[in-house]
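Me: I have a model open and want to go through its pocket, its core and one threonine. Can you take the questions as they come?

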Amino acid sequence: MTTKTIKTGIIGYGFSATTFHLPFITCSPDFELTAISSSQRDLVLKNHPKCSYYETPDALIGNSDIDLVIITAPNDTHYPLAKLALEHNKHVVIEKPFTTNVSDGEHLIALAAEKARVLSVYHNRRWDGDFLTVQKLINEGKFGQVKYFESHFDRFRPAVRQRWREQSPNGGGILFDLGPHLIDQALQLFGLPEAITAQCLIQRKGSTNVDFFNIVLHYPDKQAVLHSDLYSAGANRRFTVKGELGSYEVYGLDPQEDRLKAGVKPKTPSWASVPSDEYGTFFSGTSQTHIKTETGGYQHYFTGLAKAIRQEDTAPISASDGLWTIKLIELAMQSSQQGRTLAVTS
C-alpha cells in the first residue's frame, strides 16, 4: 500500500523557512511541498517553480488543499495564523516560540483538540548532538547526582540590527528567540522547576528588547542556569554539567545550522555528525576524557511529525511543551521586573 504524501504549505520564506524547514520537507518522502506564502514572489517562483505561490498567508490557508501549514512568519503572527489554519482543519507546525503569551497558546491547544489536528512547536534543538550527549550522560548516571547545569547560547552582535527579531515590540528580543531553545532543553532533562530567578536586560545602545538574560531554574537538588548575551566574542561555552562523580564541558554550537546554511542536504544519517576535535570533555577529578558527541539530526522531528499526522504516534513535540516555555518566559520577565524569585506552579 502506498502511503499518501502530506501536502505542505509554508508561510514565510526567510531564514527560518529556507534553513530549518524546507531542506527537510523537500528531502523527505513523507512530505510534498505544494504551497508557499511570502512577499518574495520572484525568489519563491525561481526556487520552487512547481509550487503554488500565495501573496498572503490567508490566501494560502483558505485556498490551497494542503494538509499541513508550517508557520515561520514573525512571532507576533503565530497565534492568528495558527488559529486560522486550525479553523480550516489544517495540521499546524509553529516555529518557536509557540506564541508571545500564555493565553493565546492555551486557546490554540483547545482549538487543535476540538478540530482533532496536530499542533506542534519546532523546538529542533532537542536533536542537537551536544544536547543528546548531555542527555545520554545524565541518563546513564555518568555524573551520579547532577548538582549544577549551565547552558549558554551566546553571540557577538554588539550593534542592533534592523529586523523584526530584534525590533518587534511583541515577541522580539533574544528571550523569545533563543530562550525557548534553552528552556525546552532544560525541561526535557529535569522537568519543571520549583522556582525561577531571572535577569532580563537591555544592554545595547539603541536596543528596545531584551538582549541579555540569565535565568536560574531552582530544583530541590540542583540549579539550572540558562544564559544568553550578545557580547561574547569568544567560543561559546555551550554546556557545563557538574555532579557527584565528575563534570562535563562542551564548547561551540551544533554544526547542523551552519551546514544547512552552506547548502548541505540532510540525506544521510551522518550529515549531522560532529568532528572529534569538537567533542566535549568529562572530568573525573583525577582524569579527563573526550566524550564522543552523539549524532543529532533535525530530520527526526519531521519523521515523527509525519507519523503523528498519520495517527501512528503522538507529535514529536507537543503544543503543551511549547506552552511551558512561554509560561517560563513570562515568569522570567516578572522575576526580573520584581527583583525576586518566583514559584513555578503546575
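Me: How much space lies in the largest pocket?
Reply: About 560 Å³. This is a predicted model, where local features need pLDDT of at least 70 and side-chain atom pairs pLDDT 80 or more, while totals for chains, interfaces and linings use all residues. Numbering runs from 1 along each chain as its sequence is written, and side-chain values use heavy atoms, without hydrogens and water.

Me: Which residues are closest to its centre?
Reply: F15, R125, F153, R155 and E257, out of 25 that line the largest pocket. A pocket here is an open set of points on a 1 Å grid over the protein atoms alone, where a 1.4 Å probe fits, with protein on both sides within 12 Å along at least five of seven lines; lining residues have an atom within 4 Å of a point.

Me: How does the lining divide into nonpolar, polar and charged?
Reply: 6 nonpolar, 5 polar and 14 charged, with Asp, Glu, Lys and Arg counted as charged.

Me: Switching to T100. Where is it?
Reply: T100 sits in the loop between β5 (91–95) and α5 (102–115).

Me: Buried or exposed?
Reply: T100 is buried, because its relative accessibility is 11% and buried means under 20% relative accessible area (1.4 Å probe, protein chains only).

Me: Which residue has a side chain in polar contact with that of T100?
Reply: N170, at 3.0 Å; a polar contact is a pair of N or O atoms within 3.5 Å, one able to donate a hydrogen and the other to accept it.

Me: And how far is T345 from T100?
Reply: They are 20 Å apart, C-alpha to C-alpha, and 245 residues apart in sequence.

Terms used:
Helices (H or I, at least four residues) and strands (E, at least two) are DSSP runs, numbered from the N terminus. Buried means under 20% relative accessible area, exposed over 50%, partly exposed in between (1.4 Å probe, protein chains only). Grid points are joined across faces, edges and corners, and a volume is the space filled by probe spheres set on the points.
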